[in-house]
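Colleague: Got a minute to go through this fold with me? I'd like to start with the strand pairing.

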Amino acid sequence: MSEPLLSLEAVSKSYLRGRHEVRVLHDATLRLYEGEVLSVLGRRGAGKTTLLKLAAGLEAPDRGSIRLAGEDLTALSDAALSRLLGEQVGWVQSEGPRSRVHALDYVALPLLMSVSDREAYGRAEAALARVGVAECARQGWETLSDSERGLVGIAHAIARAPKLLLVDDVSTILGIRDTDALARLLRTLAKESRMSVLMTVSESSAALRSNRTMSLAGGRLSGPPDPGERRDGDVIDLSSRERLG
């Protein structure tokens with residue numbers, strides 16, 4: 001088994017709320033491999049977004065280590081971290097642009113500072129077509145349905161061809177059918193491009209399309225054995241590649 005693209009080792013994170021310290025994550029360990037879709041299932045407020053922010057280097061852990069593509073995120077300078085995240089990570093959130101823009105402009109925006117306008121818009125069009133919403137290119141964000149927004153959000157994140165895609169619980173705005181279709185799409189994208197996907201979900205139906213599923217509750221991550229550490233006799237999660245492939 002190759003080295004994981006992303007690894008969190010014994011990561012803990014707390015926040016102060018008034019005079020009280022709230023432990024969001026406690027000794028969380030996670031490894032994500034190339035081309036794998038890993039879901040983290042938890043209730044709202046369980047700490048799923050915090051987990052993704054730590055994985056993206058947007059927040060620092062209180063203790064523990066986080067490595068992405070071989071780099072220790074906590075040891076990088078701000079400039080080096082920004083460059084690594086810009087090159088390696090795409091983020092899909094339920095929120096869209098804060099200003100009124102067409103879907104095509106929104107998807108092209110992350111590319112405009114690094115490539116020509118022509119290439120940026122060409123890749124944006126290709127990303128929209130890849131997720132099945134090419135017809136939305138000239139529509140304003142405010143006119144899109146929830147499912148269309150979810151798909152445009154994925155196009156926005158994959159247009160730069162990231163190695164790691166982080167998806168922050170879009171099941172909160174999509175119905176069960178749309179969430180299931182989105183999860184199927186993410187698995188296809190991961191398989192075709194060898195992109196790794198870390199997806200948080202609050203509905204178990206979306207998690208069924210993942211290679212592995214972990215749960216987050218009480219600040220603790222739990223789940224099936226790491227595929228790089230399986231031994232004879234280990235029970236393999238039936239939601240994994242072995243069942244759905």
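Modeller: Sure, let's start with one bridge: in β8, serine 39 has methionine 199 as its bridge partner. Keep in mind that this is a predicted model, where local features need pLDDT of at least 70, side-chain atom pairs count only at pLDDT 80 or more, and totals for chains, interfaces and linings use all residues. Residues are numbered from 1 along each chain as its sequence is written, and side-chain values use heavy atoms, with hydrogens and water left out.

Colleague: In which sense do β3 and β8 pair, parallel or antiparallel?

Modeller: Strands here are DSSP runs of E, at least two residues, and helices are runs of H or I, at least four, numbered from the N terminus. Two strands pair if DSSP finds at least two bridges between them. β3 (residues 37-41) and β8 (residues 196-201) have five bridges, and the sense is parallel.

Colleague: Which residue in β9 is the bridge partner of leucine 41?

Modeller: β3 also pairs with β9 (residues 212-217), in the parallel sense over four bridges. In β9, the partner of leucine 41 is serine 215.

Colleague: How many residues of β3 are buried?

Modeller: Buried means under 20% relative accessible area, exposed over 50%, and partly exposed in between, with a 1.4 Å probe and protein chains only. Strand β3 is mostly covered, and of its five residues the buried ones number four.

Colleague: Which strands stand at the edges of the open sheet?

Modeller: Four strands form that sheet, antiparallel, in the order β2-β1-β4-β5. Two of them have a single partner strand each, so one side of each is left without a neighbour in the sheet: β2 (20-32) and β5 (71-72).
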